[in-house]
Amino acid sequence: MKILVAVKRVIDYNVQVRVKEDNSGVVTENIKMSTNPPDDNAVEEAVKIKESGKVKEVIAVTVGEEKAQETVRKALAVGVDRGIHVKSEGILEPLAVSKILQKIVEKEKPDLVFMGKQAIDDDCNQTGQMLAALLNWPQATFASKIVVKDKSLEVTREIDEGLETIEVNIPSVITCDLRLNEPRYASLPNIMKAKKKPLEQINVADLGVDTKPRIEQIKVEEPPKRKSGIKVANVAELVQKLKNEAKVI
Ligand code: AMP
C-alpha cells in the first residue's frame, strides 16, 4: 500500500497574526511559517502505519511557493520516503488545491490520501472533501483514530455528539484531527538524512489545472477588541448584571 500525505505551509500557530494596513490580507513577510498542525498528525499516522508493516511507501506533497518545500523536508525528516512540491505562486483556493492533488493521485496511484482536517490560515475545511468528490472516493473526515484492515479502514471521528466510528473502503481520503496522535520531533541526524531523500518539483502549469480564484476577497479586518472583564462581589450581583446589563438570562 501507498499513502500520499498533503502538507500545507502556513503561518506558525504561535504567531500573533497581523492584518495589513490596507486591509488586503495578513502580514506574511518575515513571519515564522510551519506545517499546518493537523498535517503533522496526518504525516505521523502515515509513518506509524508504514512502521507497522502495512504500508510500503509514504509520499508527502505540498502545493505552493518555493519555500513550501520546507514542509515536505520536515515530513521527510520524520520518516516519509519521498516528496513532491507543486510550484505555484499566489493565492490557491481549496478547489484549485484539490484539482492539483487529484492530478498527483492519478500520477502516483496511492491507496490512501491523508490530509489535515483544516488549514489554520484559511480555516476552510474543504480540500479533503473536494478531493474525495473529484476522485469519487469515500472519505472519513476529522479522524481521531484509524485502524487499518484488509481492504478498508475503521475510522473514529470527532462529531458534535461525541465519537462516531465508520468503515471506509480503500482507496479513500482521510482528514486528520489533532487528537489522532502525538507527532514526533525530527532528530538532527534525520534532518540531515532527509536532505538526501528525493523531492520532485512540478510546475503547476504542467498539470493543466485551472487554478483561477473563484472567490473575491473584499477586505480583511481585525476582530473587535474584547472589553476587559469586571469583578463582582457576589452571586446576586452577577445574576443582576447578567439579567439587566448583559441581558443573557
Ligand atoms: P483547507 O481545506 O484549506 O482547510 O485544508 C485542509 C487540508 O488540505 C490541509 O490540512 C492540507 O492537508 C490540505 N491542503 C490545503 N492546501 C494545501 C496546499 N497548498 N498544499 C498541500 N496541502 C494542502
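Me: In this predicted model, what counts as buried, and what share of the 249 residues of the protein chain is buried?
Reply: Buried means under 20% relative accessible area, exposed means over 50%, and partly exposed lies in between. The protein chain has 249 residues, and the share that counts as buried is 42%.

Me: How many helices and strands does the protein chain have, and what box do its C-alpha atoms fill?
Reply: The protein chain contains 6 helices and 11 strands. Taken along the principal axes, the box filled by the C-alpha atoms is roughly 65 × 45 × 40 Å.

Me: How far apart in space are Ala246 and Leu92?
Reply: Ala246 sits in the segment after H6. Its relative accessibility is 44%, between the cut-offs of 20% and 50%, so Ala246 is partly exposed. In sequence, Ala246 and Leu92 are 154 residues apart; in space, C-alpha to C-alpha, the distance is 42 Å.

Me: How many salt bridges are in the whole structure?
Reply: Side chains of opposite charge can pair when their charged atoms come close. The cut-off used is a side-chain nitrogen of Lys or Arg within 4 Å of a carboxyl oxygen of Asp or Glu. A search of the whole structure gives a number of salt bridges equal to 25.

Me: Which parts of the chain does the salt bridge of Glu70 and Arg9 link?
Reply: The closest N and O atoms of Glu70 and Arg9 are 3.5 Å apart, and the two form a salt bridge. They are 61 residues apart, and the pair links distant parts of the chain: helix H2 (residues 69-77), which holds Glu70, and strand S2 (residues 9-11), which holds Arg9.

Me: Is Arg9 buried or exposed?
Reply: Its salt-bridge partner Glu70 has a relative accessible area of 44% and is partly exposed. Arg9 has a relative accessibility of 17%, which is under 20%, so Arg9 counts as buried.

Me: Which residues of H2 are buried, and which residue with positive phi follows H2?
Reply: The buried residues of H2 are Gln69, Thr71, Val72, Ala75, Leu76 and Ala77. After H2 comes a residue with a positive phi, near 125 degrees, and this residue is Gly79.

Me: Which strands does the salt bridge of Glu57 and Arg82 tie together?
Reply: The side chains of Glu57 and Arg82 meet in a salt bridge with an N to O distance of 2.7 Å. Glu57 lies in one strand and Arg82 in another, so the pair ties together parts 25 residues apart in sequence: S4 (residues 57-64) and S5 (residues 82-87).

Me: Which residues are linked with Glu57 and Arg82 in a network of salt bridges?
Reply: Glu57 has a relative accessible area of 21% and is partly exposed. Glu57 and Arg82 belong to a network of salt bridges, in which they are linked with Lys2, Lys107, Glu108 and Glu200.

Me: In the salt bridge of Arg179 and Asp177, which residue is buried?
Reply: The side chains of these two residues meet at 3.6 Å, N to O. Arg179 has a relative accessible area of 58%, so it is exposed. At 3% relative accessibility, the residue that counts as buried is Asp177.

Me: With which residue does the side chain of Asp40 make a polar contact?
Reply: Asp40 is placed in helix H1 (residues 37-51). At 18% relative accessibility, Asp40 counts as buried. A polar contact of 3.1 Å joins its side chain to that of Lys74.

Me: How much of the accessible area of the ligand does the protein cover?
Reply: A backbone N or O atom of Val63 lies 2.8 Å from a nitrogen atom of the ligand. An oxygen atom of the ligand is 2.7 Å from a polar backbone atom of Asn125, and an oxygen atom of the ligand is 2.8 Å from a polar backbone atom of Gln126. On its own the ligand has 490 Å² of accessible area, and the share covered by the protein is 98%.

Me: Which element gives the largest share of the shell around the ligand?
Reply: The ligand is surrounded by 18 residues, the closest being Asp39, Ala119, Asn125, Gln126 and Thr127. The shell divides into 8 nonpolar, 7 polar and 3 charged residues. The largest share, 3 residues, comes from S4.

Me: What is the accessible area of the nonpolar patch that includes Ile249?
Reply: Ile249 is in the segment after helix H6 (235-244). Its relative accessible area is 59%, so Ile249 is exposed. Together with Val235, Val239 and Val248, Ile249 forms a nonpolar surface patch with an accessible area of about 390 Å².

Key. Residues numbered from 1 in each chain as written. Predicted model: local features only at pLDDT ≥ 70, side-chain atom pairs only at ≥ 80, totals over all residues. Heavy atoms only, no water. Helix = DSSP H or I, 4+ residues; strand = E, 2+ residues; numbered from the N terminus. Buried < 20%, exposed > 50% of the residue type's maximum accessible area, 1.4 Å probe, protein only. Patch = residues over 30% accessible without salt bridge, like charges linked within 9 Å, V, L, I, M, F, W, Y side chains within 5 Å. Areas by Shrake-Rupley, 256 points an atom, 1.4 Å probe, with all protein chains shown as cover. Near = heavy atom within 4 Å. Polar contact = N/O pair within 3.5 Å; in protein donor to acceptor, adjacent residues only side chain to side chain. Nonpolar A, V, L, I, M, F, W, Y, C, P; charged D, E, K, R; others polar.
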